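Visitor: I'm new to this one. Could you pick one part, the salt bridges, and walk me through it slowly?

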Amino acid sequence: MSSSAHIDTLLQHMGTAPFDPKTGTAPVNLPSMRASTVRFASLEALENAQQRKAAGERAATYGRMGMDTHAALEQVFCQLEDGTHCYLAPSGMAGITMVFLALLSAGDHALVADCVYGPVHELDAALLSRMGIELTLYHAGDDLEKLLRPNTRLLYAEAPGSLLFEMLDLPALARFARQHHLVLATDNTWGSGYIYRPLALGAQVSVIAGTKYVGGHSDLMLGAVVTNDEAIAKRLNRTQYAMGYSVSADDAWLALRGVRTMPVRMAQHARHALEVCEFLQQRPEVAAIYHPAWPGDAGHALWQRDCTGSNGMLAVQLRLSPQAARVFVDALTLFGIGFSWGGFESLVQLVTPGELARHHYWTGGQDALVRLHIGLESPADLIADLAQALQRAQGR
């Protein structure tokens, strides 16, 4: 198969089972290959595998690093992100942790976008600060030159950002990082390598929570870290191994199954989200819509320049009191209340003021912010549900 084929084609043909040389047959889907122990035909075979692993190749010497199912999924993530090396983790947050611990040492400093995934702040408070690693938050309007220190090693972003889906100018961040010999790493769970490709925009490391759109069915936990830099790959490889990360073969298999339909699922999520945005724009309770594919979003021009599509994630700023916002969320019947997203189902989250306080992008004052994941249900049904919930919130 030509490597120049469209990504939609590649995702249907990568990581499939090879033909049996004796029977000439193969299942369509690569089976889930579970293993805790790997056997070797001889000591020479073991030593060859160890040498290849030490050289940075993928060579299975123990089940923790996974067998063929894991290797196939790593290949898929590299294809999605246009990377050369992929390292799996048990969750998206575990992948983020791998990046920070691989690229920073005691006494180092990192610049971290204030729009990052909330648990990154807990990683800082619970682990990084205790190890003597310092983080400084920045936002899009900051003069990064003034925030640099002699010991700054990492520039970390999430684009679009968490909660408000703030578009960052990743090529500009990449130029700054190169100028000052920093590594630029970013959380790309929103784009998942399919609609947004940070490595092509100048980042050196991209993190994806495969839990979300790659899996697509809300039934697995998975993280992946992808890079196109050989030196960084060696550090990630060693850190992943030292941390004892392991991913279930069944979860890797579920992710391979899910990624086959990601192109059609994500496009459907995106269409539904825009229909919901059109409805929300007409409502007097709505003060702002945060969704980069929506023409009224402040980051729409960057989205047009850097992305090839969108998904079902959006947030809506509501002119509602805290209590009325709670009534609105509880009145929804088709939206589950939950923290994840990327599955087939619609979800809602009432964002707390404490979570918003970190985000310089938020200018909504005391207004309520509700994050919505628009699923694969009929948009007309979702809109009707939102309408009745808004009426309930207004006491009507």
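Guide: Here is a close look at the salt bridges, one pair at a time. Keep in mind that this is a predicted model. The count comes to 8 salt bridges. As a bit of background, side chains of opposite charge can pair when their charged atoms come close.

Let's start with Asp 250 and Arg 34, whose closest N and O atoms are 3.2 Å apart. Asp 250 sits in helix α9 (residues 249-260), while Arg 34 belongs to the loop between α1 (7-13) and α2 (43-54), so this pair ties together parts that are 216 residues apart in sequence. How open are the two partners? Asp 250 has 31% relative accessibility, so it counts as partly exposed. Arg 34, at 61%, counts as exposed.

Helix α9 also holds Arg 257, and its partner Asp 219 is found in the loop between β6 (205-209) and β7 (223-227), so here the parts tied together are 38 residues apart in sequence. From N to O, the salt bridge between Asp 219 and Arg 257 spans 3.8 Å. Asp 219 counts as partly exposed because its relative accessibility is 37%, and Arg 257 gets that label too, at 38%.

Now try Arg 283 and Glu 285. Their side chains form a salt bridge with 2.8 Å from N to O. Are these two buried or exposed? Arg 283 is buried, and Glu 285 is as well.

Last stop: Asp 169, Arg 305 and Asp 306 are joined into one network by salt bridges that share partners.

Note on methods: Residues are numbered from 1 along each chain as its sequence is written. This is a predicted model: local features need pLDDT of at least 70, side-chain atom pairs count only at pLDDT 80 or more; totals for chains, interfaces and linings use all residues. Side-chain values use heavy atoms; hydrogens and water are left out. A salt bridge is a side-chain nitrogen of Lys or Arg within 4 Å of a carboxyl oxygen of Asp or Glu. Helices (H or I, at least four residues) and strands (E, at least two) are DSSP runs, numbered from the N terminus. Buried means under 20% relative accessible area, exposed over 50%, partly exposed in between (1.4 Å probe, protein chains only).
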